Structure formats: C-alpha cells, structure tokens
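Trainee: Please take a close look at one part of this structure with me: its interior. I am new to it and would like one connected account.

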Amino acid sequence: MWKLGGLAAALICRMKGRFYYAVRAGRNPGVYETWDECKKQVDRFPNAIFKKFATEDDAWAFVGTEAINSQTASSECGGQRKSADESEQQNCGGLKHLLDLSDDDDDDDDNEDEPCSKRFKSTKPFIDSEHKFTYMGDAVAVYTDGCCTSNGKKQSRAGIGVYWGPGHSLNLSERLSGRQTNQRAEIVAACRAIEQAKELNIEKLVIFTDSMFTINGITKWIKSWKSNGWKLSSGGSVINKQDFKRLDKLTSGINIEWMHVPGHAGFTGNEAADSLAKDGASKPLC
C-alpha cells in the first residue's frame, strides 16, 4: 500500500473538508476533530491560541511548539482576544478531539474500557525558585509509568517510574512490592507521584500516563465499584481493590488532572518514566 506524502494528504483532506483543530493555549491544549470541541477549549479563555490544519502532524506541531501561559499575550491574535465565533472563521472548522485508546495492560480482569483524556505533545517549562518543574498553567506536570517483565508468570518482575524532568532530584525508580503485575505498577507509580507532590505541598498536579486502565479506574469506574461493594459489573471482585483504594485516598486534598499519552510513541516524558520503571524492575524486592 502506498503511503501518501504530507502534501498529498493535505490536499485530500482539504477536498474532503477534513481538518484538525489545534489548541496551543486553552483549557485543554491538544488536537480536536470538530469545531464544537475546539470551541469548548478556547471560548472565553484569556489569550487562547488555536488554528485549523489540514493534517494531524501539522496540528500537533503547532501544539508542540512552546506552550503559552494563560496570562501571556497571543502573537497570533495580535495580543487581543477575539470571541471564539470570530476566530473560528479564521482558524477553525471540523472532527472530534483525538483520543488514543491503546493500552498494553492485559493481566487483570477490570477491563471496562472507555475512552478518557486527550493527548498532549509538549508543555512549557517553567522554573520556580526551589525546584525545577514543568508547569501547565499553574499545575505541575509529572509522568508516571509501570512495567512488568514476564507479566502474569511466576518469574515476573515489576517496577515503577516517576519522571519530573531531566536530572530532577524527585525522579523515582523503584521495584514494586507485592503482587507483580503491569497494572499494579501503573497504579502504584501514580500513587508515588502524588505522595511526592503532597510532601512538597503541590496543590495542582497533571499526571501523564499511558495507562487508560488507571485513568478510567480512578476517574470513572471507582464510583460504581464503591457503590457495588468493590464488585465488577460482571459480579467478580475488583482485583486491584487495595491499590485503587490507596490511589483514591491520595487524590483527596489535591487537584489532579489525568492525561493519557500513547506509550512507546516518542513522548520524552513517557519514555523517561518507562526507563525508570524498567530500572526499578531490575532491583531486588525490599
């Protein structure tokens, strides 16, 4: 099968009326497929920056350039914020926001899969007076990952990784204690990141993870699990009950936004967290 070049793909997209809507500065920066979704992110958002593209790559490239703080004037808009309806005529127009639904987790039965969260390509680095963190608006960004070699087998070894930034003192690589599975490692990695954030009195946190299982578990399924006595809709028990209880307790008292990134797709933060998790898996159990 022939692969279309960027120019050819762009021309076909234009002929079909297919466009991608890139939001660089808005409520949730990312790439969307419909103007309605794009509008939700930029309407009445101070100094919103968004633009229409014919190809997904071009849209992500626009989002992936230096992110703009909500208080920063927009050069694309001449420093003056227009209404979303006015800007749409110049910048935006059709397709719903892109979701990456891939998840390599396969060891547990809690697979009530449902899409959640948007992809992010990059964030704006900001250095505070004490610690070097990556910020998204006023929230600190962190990448978490878990891994498990020989997943589901007796010789399995699981590790967790938490990545705050290049050479950051908080970067964490640990062996997972207890039952050695990939999904447990993903959940516990998020727990450790929140624990670290709370120790530093961080009030707002954006957690990037490639585990849709973790995201959906803590943001959606846990409500029904609690009301059903920690039973699945199928009647079985929630295998990762204790880990999700721990995560649920930790999310209290801190503002957390969960963001999904595709694993092994070249996202620097995710690749770094994955490397830390693999290193953790090689360590002995405490």
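Mentor: Of the protein's 286 residues, 50% count as buried, where buried means under 20% relative accessible area, exposed means over 50% and partly exposed lies in between, for a 1.4 Å probe and protein chains only. The model is predicted, so to speak of a local feature requires pLDDT of at least 70, and side-chain atom pairs count only at pLDDT 80 or more, while totals for chains, interfaces and linings use all residues. Residues are numbered from 1 along each chain as its sequence is written, and side-chain values use heavy atoms, with hydrogens and water left out.

There are eight helices and 10 strands in the protein; these are DSSP runs, numbered from the N terminus, with helices (H or I) of at least four residues and strands (E) of at least two. Among contacts with a separation of 6 or more, 72% join residues 24 or more positions apart, a contact being heavy atoms within 4.5 Å.

The interior can be taken through its cores. A nonpolar core is a set of buried Ala, Val, Leu, Ile, Met, Phe, Trp, Tyr and Cys residues joined through side-chain atoms within 4.5 Å. The largest one has 40 residues, and Trp164, Ile194, Leu205, Trp225, Leu247 and Trp258 have the most contacts inside it. At least two residues of this core come from each of β5 (132-136), β6 (139-149), β7 (157-163), α5 (182-199), β9 (204-209), α6, α7 and β10 (255-260). The most is given by α5, with nine residues. Another core, of 13 residues, lies apart from this one and includes Ala139, Tyr163, Met259 and Val261.

Two of the contributing helices also pack against each other. Such a packing is described by the angle between the helix axes and the distance between them. For α6 (residues 212-227) and α7 (residues 241-250), the axes come within 11 Å and cross at roughly 95°. That makes α6 roughly perpendicular to α7. The axes are lines fitted to C-alpha atoms over the stretch in contact, and angles run from 0 to 180 degrees between N-to-C directions; under 35 degrees counts as roughly parallel, over 145 as roughly antiparallel, 65 to 115 as roughly perpendicular and the rest as oblique. On the α6 side the contact is made by Phe213, Thr214, Gly217, Ile218, Ile222, Trp225 and Lys226, and on the α7 side by Phe244, Leu247 and Asp248. These residues divide into six nonpolar, two polar and two charged, with Ala, Val, Leu, Ile, Met, Phe, Trp, Tyr, Cys and Pro counted as nonpolar, Asp, Glu, Lys and Arg as charged, and the others, Gly among them, as polar.

Next come the aromatic rings. The structure holds eight aromatic pairs. Rings of Phe, Tyr and Trp (its six-membered ring) pair if their centres lie within 6.5 Å; planes under 30 degrees apart count as stacked, over 60 as edge-to-face and the rest as tilted. Tyr143 and Phe208 form a stacked pair, because their ring centres are 4.7 Å apart and their planes are at 20°. This pair links distant parts of the chain, with Tyr143 in strand β6 and Phe208 in strand β9, 65 residues apart. Both Tyr143 and Phe208 are buried.

The pair of Trp221 and Trp225 is tilted, with 6.0 Å from centre to centre and 55° between the planes. Both residues lie in helix α6, four residues apart, about one turn of the helix. Trp221 is buried at a relative accessible area of 5%, and Trp225 is buried at 0%. Together with Phe213, Trp230 and Phe244, these two tryptophans form one aromatic cluster.

Trp230, from that cluster, sits in the loop between α6 and α7. Its relative accessible area is 11%, so Trp230 is buried. Most residues other than glycine have a negative phi. Trp230 has a positive phi of about 60° although it is not a glycine.

A last buried residue is Cys148, in strand β6, with a relative accessibility of 14%. Leaving aside neighbours within four places in sequence, Cys148 is in contact with Ser156, Arg157, Ala158, Gln180, Thr181 and Asn182. From Cys148 to Asn182 the C-alpha distance is 4.9 Å, with their positions 34 residues apart in sequence.
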